[in-house]
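This report describes selected sheets, helices and residues of one protein chain. The sequence and structure are shown first, and the description follows.

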Amino acid sequence: MTADQTPHAFQVDLRGLVDLLSHHLYSSPKVYLRELLQNGVDAITARRAEQPDAPARVRLHAEGGRLRVEDTGVGLTESDVHDLLATIGRSSKRDGLESARSEFLGQFGIGLLACFVVAEQIRVVSRSARTPDAPPVEWTARDDGSYTVRTLPVRDHPEPGTTVHLTARPGAAEWLAEDRVLALARDFGSLLPYDVRVGDTPVTDRPPVWERPHPGPAARRVALARHCHEQFGFTPLDVIDLDVPLAGVRGVGYVLPAAVSPAQRAGHRVHLKGMLLTDRADELLPEWAFFVRCVIDTDSLRPTASRESLYADETLAAVREALGERIRGWLTELAAGDRERLAQFLAVHHLGVKSLARHDAGMLRTMLPWLPFETTDGQLSLEEFARRHRVVHFTRTVEEYRQVAAIASAQGIGVVNGGYTYDADLVEMLPTVRPGTAVAELDADTVTAHLDAVDPAEELALSGFLAAARARLDPLGCDVSLRTFHPVTVPALHLDDRAARHERARAEEEEQADELWAGILGSLRGGTPRARLVLNHLNPLVRRISGFTDPELAGTAAEALYGQALLMAQRPLRPADSALLNRAFLGLLQWAAQTTDGPAGKAGDAEQEDGR
């Protein structure tokens with residue numbers, strides 16, 4: 001048996017390849033125009049590397065489902081045409097036809113194929129600037145994979161450069177209409193370094209707005225605000241210059257005027273050497289900088305094969321870090337010299353700054369006097385709050401804060417609501433940036449310790465009521481205690497810290513588990529205190545209810561106080577809690593109805609009859 005060792009060339013189905021490009025590599029047929037502009041700009045760059053005074057023009061002419069693109073670039077010979085245009089994947093930028101590959105936009109050698117997404121025929125007429133004696137050459141390709149090459153008289157193309165003719169595919173003529181071509185050319189090529197026009201209408205608009213001279217700072221802000229509205233559709237809260245020469249980046253960042261979710265994907269506009277690469281770059285800035293939208297021009301970042309996104313490599317990571325440092329610097333400058341603008345910014349985007357400060361102690365130290373937190377003293381910065389309180393207590397959830405805020409404030413306990421995103425982490429970091437500050441998580445024992453005990457004789461007199469209340473709430477995993485505290489208007493306080501909730505969840509799971517799993521859960525039982533309902537003996541309603549001698553009525557009243565305390569804390573209700581509220585409500589209605597129908601009610605009826 002013998003093996004065939006003869007090498008064979010791959011056969012390429014051009015129609016299948018075009019389908020692959022249009023449906024999987026490129027996001028839209030519009031990229032065809034970017035590829036044409038890119039080829040023209042690269043050709044001019046190649047020619048100017050050898051002839052610095054060579055003309056630099058790209059002209060586009062659209063009419064009747066046809067498009068003609070002319071450039072004054074380096075041009076091609078017949079051998080170049082066979083070698084480059086007819087060999088899929090071959091690139092002059094890769095193969096060394098030019099001397100400075102880093103100066104070119106295209107790197108992958110498949111750009112011209114993108115034109116088949118909108119065209120059924122591509123005709124290229126070119127004359128080489130490197131070989132002036134070579135005749136012009138014409139390359140005509142169709143979407144069935146066939147092509148022809150022929151030489152032309154010099155009179156057909158007397159000057160060096162290239163002209164590309166496209167004939168629209170059926171149903172794609174709109175992509176070659178003049179207004180569409182002009183819009184796409186401006187979108188992709190407004191920052192290109194050469195003179196690009198559609199007909200007589202200029203496309204390029206250089207220098208970029210952020211590099212232009214302006215009469216003054218106010219005029220510059222107005223111009224940048226207009227540019228932001230054109231690019232993103234909003235007027236920025238502020239503008240951050242992102243000129244980072246070491247990272248090869250020039251541009252601006254626009255601060256959003258309204259809060260957005262940190263999870264919302266950013267849409268930054270990235271130009272590569274003047275050509276728009278993408279308007280949906282979402283990895284250009286650190287995640288914490290979700291309040292900024294950027295427009296940049298770079299010569300250091302690498303595009304992917306589709307040239308519609310950025311290649312995730314060390315260079316992109318370095319640029320991201322450099323831009324993040326620039327935004328940090330802007331925040332520091334605001335804190336040092338423009339408190340009014342800083343306040344406006346933090347009123348909208350404090351969440352982004354907190355996200356940054358959580359990982360950057362220096363930024364937390366800078367922003368400490370300005371970042372707002374919800375506290376028992378109102379909206380305050382941590383710096384101000386720490387000056388007022390010897391110990392900075394905090395809760396980890398909003399529900400825990402709501403349970404204790406009013407009571408803690410009345411008892412002089414300073415509490416920060418750490419239930420919002422990043423807040424608990426920042427409070428715990430406080431001692432590292434403010435040495436000597438004491439920070440403690442608030443728990444039920446701390447709150448109870450600040451409440452005044454009831455006189456033992458009075459508590460003993462109410463032992464019957466307390467026993468009935470404890471018996472009724474015990475199945476819910478809740479103890480009952482009696483204290484005096486302010487404000488007097490609060491009849492009961494429900495204290496339920498995380499440890500108590502964890503123990504209750506474990507016990508509930510143990511009840512429903514099989515024997516093996518119940519044994520495992522039982523071994524995890526801890527001595528954690530349960531939730532507790534603290535009754536306020538100073539409250540007139542509690543004093544009246546505690547006088548009930550009927551155990552059933554006392555238990556129903558305790559359930560009502562328990563439900564009211566849950567509602568005041570705005571805690572999510574478990575099914576058992578909802579059932580209790582319903583039972584207590586109906587029980588009190590029944591008791592009220594029986595009282596009305598009792599002897600007192602009948603006596604009242606008799607008096608009414610006597611009055612008649």
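In this predicted model, eight strands make up an open sheet of mixed pairing, arranged in the order β5-β4-β3-β6-β2-β1-β7-β8. Its edge strands are β5 (147–151) and β8 (201–202), each of which pairs on one side only. Within the sheet, β1 (residues 57–63) and β2 run antiparallel and are joined by six bridges. One bridge partnership links E63 to R66 in β2. Helix α5 (residues 178–189) lies across β1, β2, β7 (195–198) and β8, and runs at about 155 degrees to β7.

A second open sheet contains four strands in the order β19-β20-β22-β21, again with mixed pairing. Here the edges are formed by β19 (452–453) and β21 (492–495), each pairing on one side only. Strands β20 (residues 478–484) and β22 (residues 531–536) run parallel, with six bridges between them. D479 has R532, in β22, as its bridge partner. Helix α15 (residues 463–473) lies across β20 and β22, at about 145 degrees to β20.

The two strand pairs described above are set out below.

| Strand pair | Direction | Bridges | A bridge partnership |
|---|---|---|---|
| β1 and β2 | antiparallel | six | E63 and R66 |
| β20 and β22 | parallel | six | D479 and R532 |

In general, the strands of a sheet pair through backbone hydrogen bonds, in either a parallel or an antiparallel manner.

Attention now turns to two individual residues. T72 is located in the loop between β2 (66–71) and α3 (78–85). Is this residue buried or exposed? T72 counts as buried because its relative accessibility is 9%, and the cut-off for burial is under 20%. The side chain of T72 reaches the backbone oxygen of P55 at 2.7 Å. A polar atom of that side chain also lies 3.1 Å from the backbone nitrogen of R57. Apart from neighbours within four places in sequence, the residues in contact with T72 are I44, R47, P55, A56, R57, P160 and G161.

R326 is placed in helix α7 (residues 314–337). Because its relative accessibility is 24%, R326 counts as partly exposed. Which residues are in contact with R326, leaving aside its neighbours within four places in sequence? They are I240, D241, L242 and E333. R326 and L242 are 84 residues apart along the chain, and their C-alpha atoms are separated by 6.6 Å.

Terms used:
Residues numbered from 1 in each chain as written. Predicted model: local features only at pLDDT ≥ 70, side-chain atom pairs only at ≥ 80, totals over all residues. Heavy atoms only, no water. Helix = DSSP H or I, 4+ residues; strand = E, 2+ residues; numbered from the N terminus. Buried < 20%, exposed > 50% of the residue type's maximum accessible area, 1.4 Å probe, protein only. Contact = heavy atoms within 4.5 Å. Polar contact = N/O pair within 3.5 Å; in protein donor to acceptor, adjacent residues only side chain to side chain. Pairing = 2+ DSSP bridges. Axes fitted to C-alpha atoms, helices over the stretch in contact; angles between N-to-C directions.
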